[in-house]
Amino acid sequence: MATVNKNLSVYDKNSIPSAKNFRFGIVVSEWNDSITEGLYKGAIEAFLENQVPAHHIIRWNVPGSFELIYGSKKMLQTQNVDAVIAIGCVIQGQTKHFDFVCEGVTQGIKDLNVQTDIPVIFCVLTDNTMQQSIDRSGGIHGNKGTEAAIAAIKMAFIRQQASLSHQIDNQHLLSSGPLQIEEGGPLELKE
């Protein structure tokens, strides 16, 4: 297992960009709530430790992990957030339901990242046993929620930097001379 030799809650605070001006959404599955509440707690603690004001964090609950996709999409569409964390927990049972839910949620969150400009962080435990989930939601392997919050901060920062870089490039382009369009011809800058 990837987390056997890693504590999910350990990170270098000095390597984290300032998060005090970012806003975050957290969409939490109510299914397996003893686990998802632990993940949420880890995320909140990491945000607060990294100077995210409590009023810059929006929480929405959804019934289960499959509903994280829709909840995250609506969060992206209606709230002014810099990143969203989707928190869920699916534990292997005796049917194929586990496989379908895990695949659907994974692809749905991936699709949101491809289709929108705001990062959605995958914080869905897909474990074989309840004990594995306990171990990763504040137990012996730390807290995946902490790791997700740090990822959200880093991704919000990347988004911000990319946006600033794009604005600078556009400003430079516009300051290079007037944009002139010749009928029937390609766009070009003329000085």
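Let's start in helix H5 of this predicted model: Lys144 and Glu147 sit three residues apart there, so about one helical turn separates them. Their side chains meet in a salt bridge, at 2.6 Å from N to O. With a relative accessibility of 24%, Lys144 counts as partly exposed. Side chains of opposite charge can pair when their charged atoms come close.

That local pair is one of six salt bridges in the structure, and others reach further along the chain. Take Arg159 and Asp117, whose side chains form a salt bridge at 3.3 Å, N to O. Here the link is between distant parts of the chain, 42 residues apart: Arg159 belongs to helix H5, while Asp117 is in the loop between helix H3 (97-115) and E4. Arg159 is partly exposed at 26% relative accessibility, whereas Asp117, at 59%, counts as exposed. Add Asp82 and you have a network of salt bridges that links Asp82, Asp117 and Arg159.

Now move to the strands. E1 (residues 24-29) pairs with E2 (residues 57-62) in the parallel sense, over six bridges. Between them the chain runs through helix H1 (residues 33-49), giving a right-handed β-α-β crossover. Within the pairing, Gly25 has Ile58 in E2 as its bridge partner.

H1 itself is easy to sanity-check: 17 residues at 1.5 Å a residue should span 24 Å, and the end C-alpha atoms are 24 Å apart, which agrees. Just after H1 comes Gln51, with a positive phi near 70 degrees. Another salt bridge joins Arg59 to Glu37, where the closest N and O atoms are 2.5 Å apart. Since Arg59 lies in strand E2 and Glu37 in helix H1, this pair ties together parts that are 22 residues apart in sequence. Glu37 is partly exposed, at 35% relative accessible area, and Arg59 is partly exposed too, at 26%.

What about the buried side of things? Several residues of H1 are buried, including Leu39, Tyr40, Ile44 and Phe47. In soluble globular proteins, nonpolar side chains tend to be buried together. The largest nonpolar core here has 28 residues, and Phe24, Ile26, Phe47 and Ile153 are among those with the most contacts inside it. E1, H1, E3 (83-91), E4 (120-127) and H5 (144-175) each supply at least two of its residues, with H1 giving the largest share, seven residues. Ile26 touches Tyr40, Phe47, Ile58 and Ile87, among others. A second, separate core of 19 residues includes Ile58, Val81, Val101 and Ile109.

Methods. Residues are numbered from 1 along each chain as its sequence is written. This is a predicted model: local features need pLDDT of at least 70, side-chain atom pairs count only at pLDDT 80 or more; totals for chains, interfaces and linings use all residues. Side-chain values use heavy atoms; hydrogens and water are left out. Two strands pair if DSSP finds at least two bridges between them. Helices (H or I, at least four residues) and strands (E, at least two) are DSSP runs, numbered from the N terminus. A crossover is right-handed if, with the strands pointing away from the viewer, the path from the first strand over the helix to the second runs clockwise. The expected span of a helix is 1.5 Å times one less than its number of residues. Buried means under 20% relative accessible area, exposed over 50%, partly exposed in between (1.4 Å probe, protein chains only). A nonpolar core is a set of buried Ala, Val, Leu, Ile, Met, Phe, Trp, Tyr and Cys residues joined through side-chain atoms within 4.5 Å. Contact means heavy atoms within 4.5 Å. A salt bridge is a side-chain nitrogen of Lys or Arg within 4 Å of a carboxyl oxygen of Asp or Glu. Lists of a residue's contacts leave out its neighbours within four places in sequence.
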